[in-house]
Amino acid sequence: MNNTFTIRDIVNEDATASVSDYGAHVLSWAPAGEQAVVWRPKAIYLKEGTAIRGGVPIIFPWFNSGFEGGHVASKTPKHGFARNSFWHYDEEGSSDVLLRYTLDSSEIGADILSQFVSGPNPQFHAVYTIEVGRELTMSLTVYNDGDEPLSYEEALHTYLQVGDAEQSQVCGLEGADYLDTVLDGDPRCSQGDEPVTFQGMVDRIYYSADTLELRDPVLQRTIIVAKQGAAQTVVWNPGEQAGNAIGDLGDGEWRGCVCVEAVNNRDCAVVVPPHDSHTLQQTLAVKH
Ligand SMILES: O=P(O)(O)OC[C@H]1O[C@H](O)[C@H](O)[C@@H](O)[C@@H]1O
């Protein structure tokens, strides 16, 4: 594996984007003529073993500290190893509109692999593609190369740029059940008829895979978030207090983003039969 922090800038007639090989991490994406849609903070810190803030971290094979036997577990690193790994850039499989990355279980330490719920010796490889155009489509396919079912959690943890989180709304989750992980015991709640808004920390796992709209009155646009192969949607913004306490964000930067994430976690973890695969996909677009 090539352990250098390469960042690839993509410029084509429909969009610009930048992608880091470390984490196969989309750092930014803007359709032509638009402000950035995928949000990145002012400073990006690149350090082996540490996740990049902003952009689209790939969360795999567990979400937060994982979930096992009906309880929150204590797996490390937080959100799995995919965002902290140097992925292989597939030169031949890539172009100025599509980037392709791979990662193989043989490159991951046994101590980390031993934390898989489905058994200590998983064999798999992952292929991640990023299509850069007027839409951005990110697809994570995990192939189970072993003889036992492979179980994991995953997310495409997408930071979306907004003019002001407190004035933004996520529409399309009305009536959906969710786990409110800000509250003790992560109680199951139900979204009323109103959109999701951001006054204080919001950290929720919605049992919905519907296409959503992030409405932004400040930038006067709507970001459309569609997904496939996801059972859930996580919506997250840390709010002022926790946002200003995040070490790799400047004061007030939390206001410039809202995370809308395509997710399979907890009771919706993926189980891939032997020699089969699963794809999680998220597509972003803008409308005015
Ligand atoms: O700070 P990070 O490790 O990147 O995690 C950032 C956030 O990711 C997700 O949105 C989780 O739902 C949150 O609980 C977590 O705080």
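The following exchange examines the ligand site, the pockets and cavity, and some backbone features of a predicted model.

Me: What makes Asn-64 a polar contact of the ligand?
Reply: An N or O atom in the side chain of Asn-64 is 3.2 Å from an oxygen atom of the ligand. A polar contact requires a pair of N or O atoms within 3.5 Å, so the pair formed by Asn-64 and the ligand qualifies.

Me: How do you know that His-79 and Glu-261 also make polar contacts with the ligand?
Reply: The distance from a polar side-chain atom of His-79 to an oxygen atom of the ligand is 3.0 Å. For Glu-261, an N or O atom of the side chain is 2.7 Å from a ligand oxygen atom. Both values lie within the limit of 3.5 Å, and therefore each pair counts as a polar contact. As for the ligand surface, 390 Å² is exposed when the ligand is taken alone, and the protein buries 86% of that.

Me: Which residues are around the ligand, and what makes a residue count as near?
Reply: The residues around the ligand are Arg-53, Phe-63, Asn-64, Lys-78, His-79, Arg-83, His-157, Asp-203, Val-234, Trp-236 and Glu-261. Each is counted because one of its heavy atoms lies within 4 Å of the ligand. By class, this shell has three nonpolar, three polar and five charged residues.

Me: Why is the ligand said to sit in the largest pocket?
Reply: The ligand does sit in the largest pocket. The term applies because more than half of the atoms of the ligand lie within 2 Å of the grid points of that pocket.

Me: What is known of the volume and lining of the largest pocket?
Reply: The largest pocket holds about 280 Å³ of space. Its lining comprises 17 residues, and Arg-53, Lys-78, His-79, His-157 and Trp-236 lie nearest its centre. Strand 12 (154–161) and strand 20 (232–237) each contribute at least two residues to this lining. The lining of the largest pocket divides into eight nonpolar, three polar and six charged residues.

Me: What lines the second largest pocket, and what makes five of its residues polar?
Reply: This pocket, with a volume of about 150 Å³, has among its lining residues Phe-63, Asn-64, Ser-65, Gly-66, Thr-181 and Asn-265. The class counts are four nonpolar, five polar and three charged. Gly is placed with the polar residues, so Gly-66 belongs to that class.

Me: Why is the other space called a cavity, and how many are found?
Reply: A search of the whole structure finds one cavity of 30 Å³ or more. The space is called a cavity because a 1.4 Å probe fits there but cannot get out. The largest cavity has a volume of about 30 Å³, and its lining consists of Pro-41, Ala-43, Ile-44, Tyr-45, Ala-51, Ile-52, Arg-53 and Asp-248. Six of these lining residues are nonpolar, none is polar and two are charged.

Me: How do you know that the peptide bonds before Pro-61 and Pro-77 are cis?
Reply: Omega is about 0° for the cis bond that joins Phe-60 and Pro-61, and omega is near 0° for the cis bond from Thr-76 to Pro-77. Pro-61 is in the loop between strand 4 (58–59) and strand 5 (67–68). Pro-77 is in the loop between strand 6 (71–72) and strand 7 (88–89).

Me: What is notable in the backbone of Asn-64, and where does this residue lie?
Reply: Asn-64 is not a glycine, yet phi is positive, at about 50°. Asn-64 lies in the loop between strand 4 and strand 5.

Methods. Residues numbered from 1 in each chain as written. Predicted model: local features only at pLDDT ≥ 70, side-chain atom pairs only at ≥ 80, totals over all residues. Heavy atoms only, no water. Polar contact = N/O pair within 3.5 Å; in protein donor to acceptor, adjacent residues only side chain to side chain. Areas by Shrake-Rupley, 256 points an atom, 1.4 Å probe, with all protein chains shown as cover. 1 Å grid on protein atoms, 1.4 Å probe; cavity = no way out; pocket = protein on both sides within 12 Å on 5 of 7 lines; lining within 4 Å. Points joined across faces, edges and corners; volume = space filled by probe spheres on them. Helix = DSSP H or I, 4+ residues; strand = E, 2+ residues; numbered from the N terminus.
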